[in-house]
Every structure is written in structure tokens, then in C-alpha cells.
Amino acid sequence: MKKNKEQLLIKDVMNEGVVSVHPEASVQEAKDIMRSRGFSGIPVIDKDNCLLGIISVADIIRALENDALEALVKEYMTSRVITINANASVGQALRLFHNHKFGRFPVVNNEGEVVGIVTHGDVIGRLAVFLGIDEEPLDEEKEQEPINKEFIPQIFEYPIRALDFDRTGEGASSLKKILAELGVSRDIVRRSAIAAYEAEINVMIHAREGKMTANISPQEITIIVEDQGPGIDNIPLAMRKGYSTAADKFRQMGFGAGMGLPNIKKSADKLFVENTCKGLRLIIKIMPEKIA
Amino acid sequence: MNLRRIVGNLQVEAVYNSEIKDNTVIKGCYIGDLLSNVMAHAKSGDIWITVQSHQNVVAVAQLLNLPAIIFVDGHKPQQETIEKAEQEGIYLFATEETAYNIAASLYSLGVGRSEK
Amino acid sequence: MQVKRKLSEIKELLQATSYTEHNLEEIYTETVCGADLLSDVLAFTKEKTLLLSGLIHPQVIRTAEMLDLAGVVFVRGKIPSQEMIDLAKTKNIPILSTAYPMFESCGLLYKLGLGGNFLEEK
């Protein structure tokens with residue numbers, strides 16, 4: 001990408017891979033996603049990739065005050081959303097931040113699809129680096145004092161490719177090796193491997209293409225598997241053992257018997273299943289030292 | 001071997017209530033979850049051990065003359081599967097045990113080996 | 001009270017062929033699982049179990065890898081493909097093939113004293 005001072009654009013500073021929440025999800029789910037990812041607000045996007053609003057900490061607090069964590073996101077979100085175009089300049093973004101009190105704006109492309117999110121901190125931070133008044137942001141903040149200092153938190157990423165059924169499982173296999181090398185306990189390695197493997201198979205059967213990301217720390221392993229597929233119409237039904245929409249050919253491969261999601265749930269301490277604008281997202285959490 | 005005697009000696013539960021007929025004889029056993037394999041290899045008179053709970057299993061059992069199906073690992077047949085089995089007179093049993101354990105019990109009871 | 005058996009003993013009993021270069025004298029198992037549905041294996045199987053399967057597919061090897069199984073025996077004379085053999089070597093999973101059908105393989109191993117495996121549901 002060509003960059004010069006006149007051309008530092010939003011798409012250069014934004015965070016790609018938007019974490020969003022479905023309007024029909026519960027406030028509780030939104031809260032859990034925000035907490036697990038350390039976000040103070042996430043866009044609300046429906047299955048047709050339509051940006052309906054944003055749900056922020058302030059909205060969650062409102063729901064908490066009403067004792068309504070079970071309420072739907074769409075009832076508590078802020079629907080008047082200001083977006084910024086990916087090709088806008090950072091100067092425009094700074095004005096936007098200045099004029100509104102919001103801490104973050106969803107970034108949209110020319111088609112109006114959400115392609116990223118940009119925070120005030122992103123703009124200032126990258127601008128400072130760009131202008132040469134700061135070094136690359138230090139990672140020190142992120143590594144602040146793990147409770148159990150056995151290893152430094154790591155991020156693992158693996159693309160799940162299309163129509164590659166024979167290779168499906170390599171992502172889980174690599175993750176398993178990394179965890180074992182980090183000295184994670186056998187039971188946790190095993191549970192992570194099973195969950196990641198079933199999630200990979202799930203992508204292969206239903207979507208064919210996706211990405212696995214794992215945030216690994218001594219306290220918590222979060223495996224996020226996102227795919228580009230049809231998503232799930234009825235999530236509670238899909239969670240039921242034996243329910244499957246897989247094609248027969250996958251049954252003949254030993255999968256597709258409606259046990260994938262239940263198996264993941266069984267292996268995980270927490271599982272969030274959500275439809276995104278592109279497909280399906282599974283957030284699998286496994287906690288080596290489960291804190292009640 | 002009579003089916004009644006067999007199930008009396010196994011850790012299984014009948015899925016629906018029905019008196020097992022005296023002349024229901026089990027000649028062997030087939031274990032399999034891939035329906036195409038079962039279609040290819042199970043023999044008439046085999047008792048079938050599987051985890052597949054889809055109603056297609058009843059169609060396969062009926063086609064191959066398998067008098068009874070045992071669902072293992074805690075799998076419960078779906079409602080349509082049960083209804084279809086009752087219609088076709090296929091006995092259904094379920095257990096929390098694994099296929100291996102049930103096979104081992106059947107083998108110990110002396111249930112015939114399915115010939116090649 | 002379960003007994004440990006060497007894979008070499010199991011190979012002999014099942015008149016099986018081995019497809020990897022593992023020293024089967026040094027690999028032990030206490031439990032056996034017979035299944036074709038891999039999700040079911042993933043849900044219920046303990047590590048170091050021997051898997052008997054009628055399913056020929058590379059995903060069988062991967063499942064064995066995820067669970068740290070002792071090895072895989074393909075039943076009813078099913079021969080693993082070269083791709084599966086290569087994968088099994090890479091992933092360090094012993095694979096064998098026997099002419100016995102699943103039911104008889106289970107029966108024979110049971111007589112050898114090997115137990116079933118059942119992982120308690122959480």
C-alpha cells in the first residue's frame with residue numbers, strides 16, 4: 001500500500017476483522033464478548049450485513065441497572081450510528097472524534113458494508129508513529145503481569161482453506177503442538193484440540209473457508225473460528241445433539257452426525273455461537289485454572 | 001440365540017415397550033455407523049450396534065432383516081426413528097455403554113460371529 | 001482391573017498388518033474403542049486407547065492425533081491409503097489392518113482382557 005503524509009487513510013489505521021454481535025443476541029452475550037476481547041463497544045450487525053447500531057459499556061450498564069441482561073441487544077443498543085468511510089483521511093476522523101463523544105466508529109466501504117472499526121487511540125497512536133514522533137507502539141501494556149507467569153501470551157492464527165477436507169485438522173494439530181510446547185496441562189491441550197478440530201470440521205462442512213485465531217495465555221485459551229458461510233438459522237436447535245444439516249457425503253467421512261457443536265460445548269468452559277455479517281463465529285474458551 | 005435372552009444379559013434398555021416374540025433369533029452382530037458399510041456387510045439376523053440415530057437406520061435394518069438395533073454411547077433415537085421402528089417391528093435398545101463393551105458382552109454370551 | 005497389552009500382541013491376535021515403522025513391542029494399550037463416527041470417538045475416548053474403525057479416511061488419523069490414541073486398527077480388511085500411511089508416520093500414529101470384522105475384533109480383544117473405555121461426561 002502506498003502511503004505518504006497526505007494519504008494516511010482510515011483503512012491504514014483501522015482494526016480489520018470486526019467483532020460484531022447479532023441484534024437478537026442477549027445483552028449478556030454482548031457483555032461477555034466485550035469483556036473477553038477487551039472492547040468498550042461493538043457494532044450490531046444483522047445477517048444481511050446491515051449495521052443496525054452499536055452496543056457500548058454505557059448501554060450494558062443501563063441493562064444492568066434494569067436487571068435486564070437477558071434482554072436482546074437490539075433493545076439496548078444505540079441505533080444512531082455515525083460511520084466513517086475507509087477511504088476518509090485520519091484528519092476527518094479526528095474531527096469526527098472531536099465533534100462527537102463516541103470513542104469508536106465503525107468503518108464502512110463504498111458499499112456500506114462494515115469493514116473495520118477505528119478508535120480514537122488507533123488514530124492518535126498510528127498518527128504519532130506515522131509522523132515519527134513515536135516508536136511503534138510498545139507491547140508492554142498487553143503483557144502486564146499475568147497471574148501465573150508460566151509463559152508469555154501468544155496469538156495463533158490459521159486459515160482454513162476451501163475444499164481441503166484431507167488437510168482439515170492441521171490448524172487444530174498446530175494449536176495442539178503449540179500448547180503442548182508451552183507446557184499447558186494434558187487435559188487442557190486435549191480439550192482445546194478436540195474443540196478446535198470439531199470447529200475446523202464444521203467450517204469445512206458448512207462454509208468451506210474460514211479462519212482460526214487462538215489467544216493463548218496461562219489463564220485462558222480463547223479459540224475463535226470465523227467462517228464465510230450461511231451461518232445458522234436456529235442456534236439452539238443446532239446445539240442439540242443429533243441435529244445436523246450436513247450433506248450425506250460428510251456422514252460417510254465420519255462427521256456430520258450432529259455432534260460437532262455439542263462436542264465443542266462439552267470440551268469448552270464457555271462457547272459463544274453467533275452469526276456475523278459474513279458467516280458464523282464460534283468463540284471457544286478454555287480456562288486452565290477455572291475461576292468461579 | 002433368542003433376542004429375549006440376549007437383552008436380559010445386556011446393560012441395555014428397550015426404547016419402546018413391546019413384547020419380544022419367541023421366534024426372534026439373533027444370528028450374529030454387526031457394528032457400524034456408516035450406513036453404506038452396514039448395507040454392504042451386515043447379514044440377515046445380525047443385531048446392529050450403532051450411534052446413528054437418524055430414521056434411515058430403521059430403513060437399513062428393515063432392508064437387511066436386522067431384528068434389533070442397539071444405540072450405544074448414550075445416543076437416543078429420534079422420535080421419527082422410534083415410530084418407524086414400531087411400524088416395522090424392529091426392536092430398539094439404548095445404552096450408555098460403548099460399542100466395544102456391548103460387543104464384548106455379546107461375544108461372551110456366545111452370539112455367533114458374522115461370517116465373511 | 002484392566003490389563004495392559006502390547007500392540008505387537010494385538011497384531012498377532014488379529015493377524016494384522018502394520019503400516020508404520022513403529023516398534024509395536026513398546027506401545028501399550030489398556031482400552032479399546034470401536035467406532036466409525038469420528039465425532040463420537042472425539043466425545044468419549046480416553047487417551048492411549050486403541051481405535052478400531054471401518055472408516056478409511058485421513059481424518060481417522062487426525063482424530064487419533066487429537067486424542068493421543070495408542071493406534072488405529074482398520075477392520076474387515078480395509079487397507080489405508082498411501083496418503084493415510086504418510087500422515088500416520090508424520091503424526092506418529094501406529095496403524096494396522098485386520099481381516100476380522102469389527103464385532104469379532106472386539107470379541108477377540110475382549111478375550112485378551114482389554115477393557116472398553118468410557119469417559120465420564122462432565
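**Entry 1: the largest cavity**

I looked for empty space first and found about 100 Å³ of it in the largest cavity. I note at once that this is a predicted model. Rolling a probe the size of a water molecule over the atoms shows where empty space is left. The search gave me 3 cavities of 30 Å³ or more.

Which residues lie nearest the centre of the largest cavity? I wrote down Asp73(B), Cys33(C), Gly34(C), Ala35(C) and Asp40(C). They belong to a lining of 18 residues. I sorted that lining by class and got 10 nonpolar, 5 polar and 3 charged residues.

Next I asked which elements supply at least two residues of this lining. From chain B I listed strand E3 (46-50) and helix H5 (99-109). From chain C I listed strand E4 (31-34) and H2. H2(C) gives the most, with 3 residues.

**Entry 2: chain C against chain A**

I moved on to the contact between chain C and chain A. Here 27 residues of chain C meet 31 residues of chain A. The size of an interface is often given as the accessible area lost when the parts come together. For chain C and chain A I noted a buried area of about 2,300 Å². Carbon and sulfur atoms give 47% of that area.

How many residue pairs are in polar contact between chain C and chain A, with both at pLDDT 80 or more? I counted 15. Then I checked which elements of chain C give two or more residues to the side that touches chain A. They are helix H2 (38-44) and helix H3 (58-67). H3(C) gives the most to that side, with 7 residues. By class, the side of chain C that touches chain A has 10 nonpolar, 5 polar and 12 charged residues.

**Entry 3: salt bridges**

Side chains of opposite charge can pair when their charged atoms come close. I counted 4 salt bridges between chain C and chain A. In one pair, Arg186(A) bridges to Glu47(C), and the closest N and O atoms are 3.0 Å apart.

I then searched the whole structure and found 17 salt bridges over all chains. I looked up Lys176(A) with Asp68(C), where the closest N and O atoms are 2.9 Å apart. Why does this pair join two chains? Lys176(A) sits in helix H7 (residues 170-182) of chain A, and Asp68(C) sits in the loop between H3 and strand E6 (71-74) of chain C, so the pair joins two chains.

**Entry 4: chain B against chain A**

I turned to chain B and chain A. Chain B puts 8 residues into this contact, and chain A puts in 7. Between them they bury about 520 Å², with 43% of it on carbon and sulfur atoms. Which residues of chain B lose the most area to chain A? I noted Leu34(B), Gln52(B) and His75(B), which together make up 57% of what that side buries. The side of chain B that touches chain A divides into 2 nonpolar, 5 polar and 1 charged residues. I counted 0 salt bridges between chain B and chain A. The count of residue pairs in polar contact, both at pLDDT 80 or more, was also 0.

**Entry 5: one residue in a loop**

Last, I looked up Ile79(C). Ile79(C) is in the loop between E6 and helix H4 (82-90) of chain C. I left aside its neighbours within four places in sequence and listed its contacts: Tyr19(C), Ile56(C) and Ser97(C). Ile79(C) and Ile56(C) are 23 residues apart in sequence. In space I found them 7.7 Å apart, C-alpha to C-alpha.

How values were computed: Residues are numbered from 1 along each chain as its sequence is written. Chains are lettered from A and ligands numbered from 1 in the order in which they are written. This is a predicted model: local features need pLDDT of at least 70, side-chain atom pairs count only at pLDDT 80 or more; totals for chains, interfaces and linings use all residues. Side-chain values use heavy atoms; hydrogens and water are left out. Contact means heavy atoms within 4.5 Å. Buried area is the accessible area (1.4 Å probe) that two parts lose on being put together, summed over both. A salt bridge is a side-chain nitrogen of Lys or Arg within 4 Å of a carboxyl oxygen of Asp or Glu. A polar contact is a pair of N or O atoms within 3.5 Å; within protein, one must be able to donate a hydrogen and the other to accept it, and residues adjacent in sequence count only if both atoms are side-chain atoms. Helices (H or I, at least four residues) and strands (E, at least two) are DSSP runs, numbered from the N terminus. Ala, Val, Leu, Ile, Met, Phe, Trp, Tyr, Cys and Pro count as nonpolar, Asp, Glu, Lys and Arg as charged, and the others, Gly among them, as polar. On a 1 Å grid over the protein atoms alone, a cavity is a set of points where a 1.4 Å probe fits but cannot get out, and a pocket is an open set with protein on both sides within 12 Å along at least five of seven lines; lining residues have an atom within 4 Å of a point. Grid points are joined across faces, edges and corners, and a volume is the space filled by probe spheres set on the points.
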